[in-house]
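User: I have a structure open in front of me and would like to learn how to read it. Could we go through it together?

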Amino acid sequence: MPLAGHQCKKPVDILTEEEVERICQGALDVLAETGMTVAHPRALALLQEAGCQVDLETERVKFPRDLVQWAIESCPHEFDQLARNPDLTLHWGGNTIYFGAFPGFTSLDLATQERRISTVDTLARLVALCDAMPEVHTICQPTPHLSDKPPEVEMEWVLATTFRNSEKTTMGAAFGGCSKWVVEMCSVLGQQVQGSICMASPLVIPVDQAQGVLDYAKAGHPLHLLSGPMRGATGPATMAGTLVLQTAEILGGNVLGQLVKRGIGAIYVAYATPMDMRLGSMASGSIDVGIMGEASAQLARHLGMPSATFFPMTDAKLPDAQASYERHLQALLCAKAGINHIMALGGLENEGAFSPEQMVIDNEVCGMIGKVLEGIRVDEERLAIGLIKEVGPIPGNYLRQEHTRRHWKEDYFIPQVSVREGYDAWIAGGKKGVLERASEIAHSIMENHQPNPLPVEVDRELDKILKAVEVEKLGI
Amino acid sequence: MSQDELLNSLCNAVIEGNAAEAERLANQAVADGIEPLRAFEEGLRRGITTVGDGFSKGEYYLPDLVIAAEAMKAAATVFEKEIARTGGIRQSIGTVVLGTVEGDLHDIGKTIVGTLMTAHGFEVVDLGVNVSKAAFITAVREHKPQIIGMSSLITVTAKELKNVIEALKEAGLRDSVKVLIGGGAVTKEYANSIGADGFAHDAEIGVRVAKNLLGID
């Protein structure tokens, strides 16, 4: 049985059927008329063979509509991503919602709140924290940096460190040609990753990403096709326009994936953000990011692909009020819309920094969102009409009723970090706010949590692969 | 149209970001015999400075700034030809050679920095993206800038920043320019470690650092 996650029984639609159709037709139109640049000779050959109009000089590929349609129809609506512990296998698609953490880039030090670049050892503890969080169903592609490894081999080390410190599923990247090594690691580990492919907007599949499609699809790993235009800069300023571009890029990537292996799972991954028109930087905490998430869920449903968002995000630099309202509004919008994979828990500053406290707070909020998705169970037992009659008016009450003891937990959310005690008790307890509480929990987990270790022989195989990476990339 | 009226219209065409109109008015100015250095300062520079100042105050935004710079560029080409023909020399507070390093195709951040520098009175030579170290060296020789500005958004190409600095040393040009670096892959520590003179993550700070490097307040 795959991991349960949450169920979004009635996804909220925000576009009309006609609007969905216009966006999808727009994407097909762009792919046919303008196409994409694919900077990879073997990918170009595959696309040409399948009937695309390819200009080898400019590496521009124009995709016939019926080929794009064929590739959409080749996508399985639902599929599993195998974990090495079968209880943690993910079932993508349908109404299932999973949350994913993102312990990459830099992180905020628990003691000082200073931003720092992880070492292999500190990343290991961050992954262990994610491993211990019940609402983290999968761990997202932790993108480098590592301060104690050369940049050329960071990605492979980040992945190996993630595999070693959590048996939860993860994502494999394609940056810097790491995909073939990730595939090799997975075959040793006996698990699948989501092969994360990042389009370069507008309309480019970069060479390493095209290689990633070839490597992951060939080895049977589902593809995680991510499009992240920055509105007003690398995508149209309008939400509708960027939805067209994003859909075109994802569908272009999907054509390549389905040509490599027909029927390979492919996830529609939205990562569009607006550019802040004063700063020129990504405004990732913007509310329209969440609105784009809602639309993306609906578009993916229409196309018959599972959906994901590389958000909630925030522009806040600390786990503060801004971090919370930006992240949690986006997360709730995505969940209500039925995004299957809501990623990047724990992140601050456009996912530039991972905060252990934010991770603990996000875990709590995702639990609440899970509660939102559950809704209200209405049946005779829960309607409790007989009980209401029995208890009657005051002085009757419900605390001593067996019904209360039996059912309260199913209709409550029990918080870990929220402050609920009365004022005097709060003073007596040292006036601890959410942050202090989250910090204590994070500290304790990062010090004490021991993830299930890899079998010794598998661990040794990972070492051999890392050695081979260094030989190939660094010549040592 | 009087000369003053024409220069006002030129200034407004820059502010409105109307490149075709700016170019037409520039040709008109040349035909009317307006001194090109004056037309540049009182028409174009005044327009771009208005937008640049407005940007600092939050009255204008990046699309206004970038499109105004495009209009300015269209008209400037006309005047530059005329200035060269008449043997004049245009004043600027300093020349900056700008580019995104080899292997990196990220254009937007670098363009924003260049535009804002132009609005602040710098002469900007934008070499574009995926610029090789040889191309940087050639541009430094040709334009004799006070500052060379380099951008790298991705970590994989950050090493190119160092390579260009090394190439400047080898070519004996390192002491002739200040090196300013920026982009997502760059940190202050990294800037120090490769011997850059300045570092910025955002365009306004980049302009400030550039001015500081040249001793301008």
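Analyst: Happily; we will take the chains as wholes, then some helices, then the contact between the chains. Keep in mind that this is a predicted model.

User: Let's begin with chain A. How does its radius of gyration fit what the globule rule gives for 476 residues?

Analyst: Chain A has 17 helices and 21 strands. For 476 residues the globule rule gives 23 Å, so chain A is as compact as a globular protein of that length, with a radius of gyration of 23 Å.

User: How far apart do the C-alpha centres of domain 1 and domain 2 of chain A lie?

Analyst: Domain 1 of chain A is written in two pieces, 6-14 and 72-374, while domain 2 covers 380-411. The C-alpha trace of the whole chain spans about 85 × 55 × 50 Å along its principal axes. Between the C-alpha centres of the two domains, the distance is 43 Å.

User: Now chain B, please. How many helices and strands are there in chain B?

Analyst: Try following the chain from its N terminus: the elements run α-α-α-α-β-α-β-α-β-α-β-α-β-α. After the opening run of helices, you can see β and α taking turns. The totals for chain B are nine helices and five strands.

User: What radius of gyration does chain B have, with its 217 residues?

Analyst: The C-alpha trace of chain B spans about 55 × 40 × 30 Å along its principal axes, and 47% of its residues count as buried. A compact globule with 217 residues would have a radius of gyration near 17 Å. Chain B agrees with that, at 18 Å.

User: Could we look at one helix closely? How far apart should the ends of α1(B) be, at 1.5 Å a residue?

Analyst: Helix α1(B) has 14 residues, and its end C-alpha atoms are 20 Å apart. That agrees with the rule of 1.5 Å a residue, which means an expected span of 20 Å.

User: Which elements do the buried residues of α1(B) pack against?

Analyst: First find the buried residues themselves: B:L7, B:L10, B:C11, B:A13, B:V14 and B:I15. Just after this helix, B:G17 takes a positive phi of about 70°. The buried residues of α1(B) pack against α2, α3 and α4 of chain B.

User: Moving on to α3(B), at which residue does it bend?

Analyst: This helix covers residues 36-57, and its 22 residues reach 30 Å from first C-alpha to last, close to the 32 Å expected. Just after it, B:G58 takes a positive phi of about 85°. Within the helix there is a bend of about 35°, located at B:R45.

User: What covers the buried residues of α3(B)?

Analyst: Among the buried residues of this helix are B:F40, B:L44, B:I48, B:V51 and B:F55. The residue at the bend, B:R45, is buried too. The cover includes α1, α2, α4 and α5 of chain B.

User: Finally, where does the largest share of the side of chain B that touches chain A come from?

Analyst: The contact takes 11 residues from chain B and 12 residues from chain A. On the chain B side, α4 and α5 each supply at least two residues. The largest share is three residues, and they come from α5(B).

User: And by class, which residues make up that side of chain B?

Analyst: Sort the residues on the side of chain B that touches chain A into charged, polar and nonpolar. One is charged and three are polar, and the remaining class is nonpolar, with seven.

Methods
Residues are numbered from 1 along each chain as its sequence is written. Chains are lettered from A and ligands numbered from 1 in the order in which they are written. This is a predicted model: local features need pLDDT of at least 70, side-chain atom pairs count only at pLDDT 80 or more; totals for chains, interfaces and linings use all residues. Helices (H or I, at least four residues) and strands (E, at least two) are DSSP runs, numbered from the N terminus. The expected span of a helix is 1.5 Å times one less than its number of residues. The bend at a residue is the angle between axes fitted to the seven residues ending there and the seven starting there. A residue is buried if 20 or more other C-beta atoms lie within 10 Å of its own, exposed if 12 or fewer, and partly exposed in between; C-beta atoms are placed from the backbone. Two residues are in contact if their C-beta atoms, placed from the backbone, lie within 7 Å. Ala, Val, Leu, Ile, Met, Phe, Trp, Tyr, Cys and Pro count as nonpolar, Asp, Glu, Lys and Arg as charged, and the others, Gly among them, as polar. Domain bounds come from an automatic or database domain assignment. The radius of gyration is taken over C-alpha atoms; the globule rule is 2.2 Å times the number of residues to the power 0.38.
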